[in-house]
Amino acid sequence: MVEIILKNVRCFSSHGCLKEETTIGSDYRVDLSVSACLNKSSTTDNLDDTVDYVLLNKIVVEEMGVPAKLLEVVAK
């Protein structure tokens, strides 16, 4: 297993407990860490056998787009 880290995924979201926070929104920067087995992709050199970084970025942006009062909820 190896750790793959995405840094500085930027998105705009409306999280917070206060009405102003959810109305105005804020810019966020998200770092993501995932563990993956890259044994197959390291030998096949095939994109279909590895981690899709574009998909990981999309998941972060989609999850950040769901408003929550606490960032802990979003992170989970």
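This passage describes the nonpolar core, the largest pocket and several individual residues of a predicted model.

The largest nonpolar core of the predicted model comprises 13 residues, and those with the most contacts inside it are Ile4, Leu6, Val9, Val30, Val51, Val60 and Met64. Three elements, namely β1 (2-13), β2 (26-36) and α3 (53-64), each supply at least two residues of this core, and the largest share, 4 residues, comes from β1. The surroundings of isoleucine 4 illustrate the packing: when residues up to four places away in sequence are not counted, Ile4 touches Leu32, Ser33, Val34, Ala36, Leu38, Val51 and Tyr53.

The largest pocket holds about 290 Å³ of space. Among the 14 residues that line this pocket, the closest to its centre are Val30, Val60, Met64, Val74 and Ala75. At least two residues of the lining are supplied by each of β2, α3 and α4 (71-75), and by class the lining consists of 10 nonpolar and 4 charged residues, with no polar residues. Val30, Val60 and Met64 are thus named both among the core residues with the most contacts and among the lining residues closest to the centre of the pocket.

Methionine 64 also takes part, through its backbone oxygen, in polar contacts with two side chains, those of serine 13 and histidine 15. Serine 13 lies in strand β1 and counts as buried because its relative accessibility is 3%, where buried means under 20%. The side chain of serine 13 reaches the backbone oxygen of methionine 64 at 2.7 Å. Apart from its neighbours within four places in sequence, serine 13 is in contact with Gly25, Ser26, Tyr28, Met64 and Gly65.

Histidine 15 is found in the loop between β1 and α1 (19-24), and with a relative accessibility of 4% this residue likewise counts as buried. A polar atom of the histidine 15 side chain lies 2.9 Å from the backbone oxygen of methionine 64, and the side chain also reaches the backbone nitrogen of alanine 68 at 3.1 Å. With neighbours within four places in sequence left aside, the contacts of histidine 15 are Glu21, Thr22, Tyr28, Met64, Val66, Pro67, Ala68, Leu71 and Val74. Tyr28 and Met64 appear in this set and also among the contacts of serine 13, while Val74 is one of the residues closest to the centre of the largest pocket.

Cysteine 37 is placed in the loop between β2 and α2 (39-44) and, at 48% relative accessibility, counts as partly exposed. Although cysteine 37 and methionine 1 are 36 residues apart along the chain, their C-alpha atoms are separated by 4.5 Å.

Two further residues were examined for their backbone angles. Most residues other than glycine have a negative phi. Asparagine 8, by contrast, has a positive phi near 65°; this residue lies in strand β1 and is partly exposed, with a relative accessible area of 40%. Aspartate 45, which is not a glycine either, has a positive phi of about 60°. The place of aspartate 45 is in the loop between α2 and α3, where at 74% relative accessibility the residue counts as exposed, because the cut-off for that class is over 50%.

Terms used: Residues numbered from 1 in each chain as written. Predicted model: local features only at pLDDT ≥ 70, side-chain atom pairs only at ≥ 80, totals over all residues. Heavy atoms only, no water. Core = buried A, V, L, I, M, F, W, Y, C linked by side-chain atoms within 4.5 Å. Buried < 20%, exposed > 50% of the residue type's maximum accessible area, 1.4 Å probe, protein only. Contact = heavy atoms within 4.5 Å. Polar contact = N/O pair within 3.5 Å; in protein donor to acceptor, adjacent residues only side chain to side chain. 1 Å grid on protein atoms, 1.4 Å probe; cavity = no way out; pocket = protein on both sides within 12 Å on 5 of 7 lines; lining within 4 Å. Points joined across faces, edges and corners; volume = space filled by probe spheres on them. Nonpolar A, V, L, I, M, F, W, Y, C, P; charged D, E, K, R; others polar.
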